Amino acid sequence: MKQKSVIGSFVRIGFFLGLLFPVLAMSICLIFLTPEGYGYSLFKLHEDFPLLWIIDSAPFVLGLISYLVGTRVNASNSRFLSEIQDSNEQLQNLIGEKEVLLKEIHHRVKNNLQVITSLLSLQASFIDDEQSKSLFRYSQYRINSMAMIHEMLYQSDDIACIDYALYSKKLIDALIISMKSSEHQVTVDLNVKDVNLNIDTAIPLGLLVNEIITNALKYGIPGNAKGTVYLHITKGVYNNYVMHIGDDGVGFADHINFRNSNSLGLMLMHRLVLQLKGNIEKNNLMKGTNYDISFEEIIQSS
Amino acid sequence: MKIHKILVVEDDMIIQMFISKVLKDAGFEIVAEARTSDQALQYVEKFRPDLVLMDISIAGPIDGIETAEMVGKKYNIAVIFITGNSDQATIDRAKKTNPIDFIFKPIDENQLKRRLKSLEIKG
């Protein structure tokens with residue numbers, strides 16, 4: 001509203017200045033350029049030069065027209081600005097509604113994923129074989145790593161990205177709690193700063209972190225052994241990232257080729273790195289099992 | 001700590017069924033299964049269980065933490081919280097009610113049994 005009246009005032013002031021200018025010009029003529037100078041009466045001047053009545057009235061007529069035009073311009077400007085404001089409000093409302101809907105979808109996806117993990121738990125409880133049960137359990141961890149992302153998306157203000165430091169912490173803590181006893185001796189070395197990733201990157205990366213940390217807690221730091229799991233992610237140029245992840249546990253058996261293994265976990269790791277347009281290298285210089293992984297933030301073209 | 005009679009408070013019927021089955025198989029008695037705070041308080045009064053397994057987020061206006069607080073104050077019954085991806089603030093709020101433990105979803109069958117057995121041994 002304020003913007004509209006400012007524009008209108010400017011238009012009117014402009015036209016009034018235009019009106020005043022000829023009046024001032026005529027007064028100067030009257031005082032300095034007439035034969036009798038200052039004493040020459042205005043009435044006498046008009047008597048001698050009747051055309052001056054027309055010249056005198058012209059600025060007033062022009063002023064009136066200017067005022068009317070100014071008011072008209074102001075009104076149309078106000079209407080135009082009001083229409084823009086209404087459109088903006090409608091667009092903001094639409095965006096708000098879409099965000100609410102998206103959050104609702106993420107909430108439902110997360111709930112449905114949780115139902116799937118519950119069904120797997122229930123199904124597994126009918127199985128006696130421990131190895132078969134563990135297959136269900138590791139599937140649950142994978143599903144939970146995705147559920148956490150949907151949960152964070154509906155809880156956060158930014159519907160498009162999640163804070164990966166927060167997510168990683170939640171994921172690793174949940175895995176430790178699920179896989180170890182409450183008196184565990186596992187330390188987490190987490191260094192993920194200013195990494196915010198979209199869902200298309202966060203999900204495969206979450207699954208990748210889940211696989212590696214699950215293996216670290218299962219094989220690298222078995223039972224109630226003492227150990228540390230690492231996760232460092234640093235942002236490189238453009239949308240590239242470097243991740244160092246692993247543990248300081250007992251390490252890989254020499255006969256296992258991590259690139260050509262029959263283990264589902266290792267196969268998934270390679271596939272997920274490919275999905276993230278990245279590369280994975282095993283870091284043999286460090287104690288335990290460690291990987292250096294590069295990856296890109298995936299931007300989906302819709 | 002003697003744990004025999006357990007009340008399960010969980011609004012997800014599948015998880016409720018899973019917990020009850022696992023604990024029954026392990027030799028515990030499930031006195032009742034509740035979905036809401038009101039049901040939980042009613043069953044606590046009626047059955048006086050040794051332990052309440054309480055989901056933090058349950059159906060109804062009162063969550064599991066407030067319900068546990070009421071159970072603790074009025075009946076002095078031990079509570080174990082069940083939670084799925086709760087944030088730290090919620091966990092901290094739950095800790096103030098002095099639960100004896102937390103169990104995180106997805107619930108691992110063996111871990112659930114181990115936790116309850118270890119409480120019996122400790123007691």
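## Strands β6 and β7

In this predicted model, strand β6 of chain A covers residues 279-282 and pairs with β7(A). The two strands run antiparallel, and 4 bridges link them. A:Ile280 has A:Ile293 in β7(A) as its bridge partner.

β6(A) and β7(A) also form a hairpin. Between the strands lie 6 residues. In this hairpin A:Gly288 has a positive phi, near 90 degrees.

## From β7 to β5

β7(A) spans residues 289-296 and pairs with β5(A) as well. This pairing is antiparallel and holds 8 bridges. A:Tyr241 is placed opposite A:Phe295 of β7(A).

## The β4-β5 hairpin

Strand β5 of chain A takes in residues 240-247. Besides β7(A), β5(A) pairs with β4(A). Here 7 bridges connect the antiparallel strands. One of the residue pairs sets A:Thr234 against its bridge partner in β5(A), A:Val242.

β4(A) and β5(A) make a hairpin, with 4 residues separating the strands. The turn includes A:Tyr238. A:Tyr238 has a positive phi of about 50 degrees.

## A parallel pairing

β4(A) comprises residues 226-235 and pairs with strand β2 of chain A, residues 185-192. These two strands run parallel, with 8 bridges between them. A:Val186 faces A:Gly227, a residue of β4(A).

## The order of strands

The pairings can be followed step by step. β6(A) pairs with β7(A), and β7(A) pairs with β5(A). β5(A) then pairs with β4(A), and β4(A) pairs with β2(A).

Notes. Residues are numbered from 1 along each chain as its sequence is written. Chains are lettered from A and ligands numbered from 1 in the order in which they are written. This is a predicted model: local features need pLDDT of at least 70, side-chain atom pairs count only at pLDDT 80 or more; totals for chains, interfaces and linings use all residues. Side-chain values use heavy atoms; hydrogens and water are left out. Two strands pair if DSSP finds at least two bridges between them.
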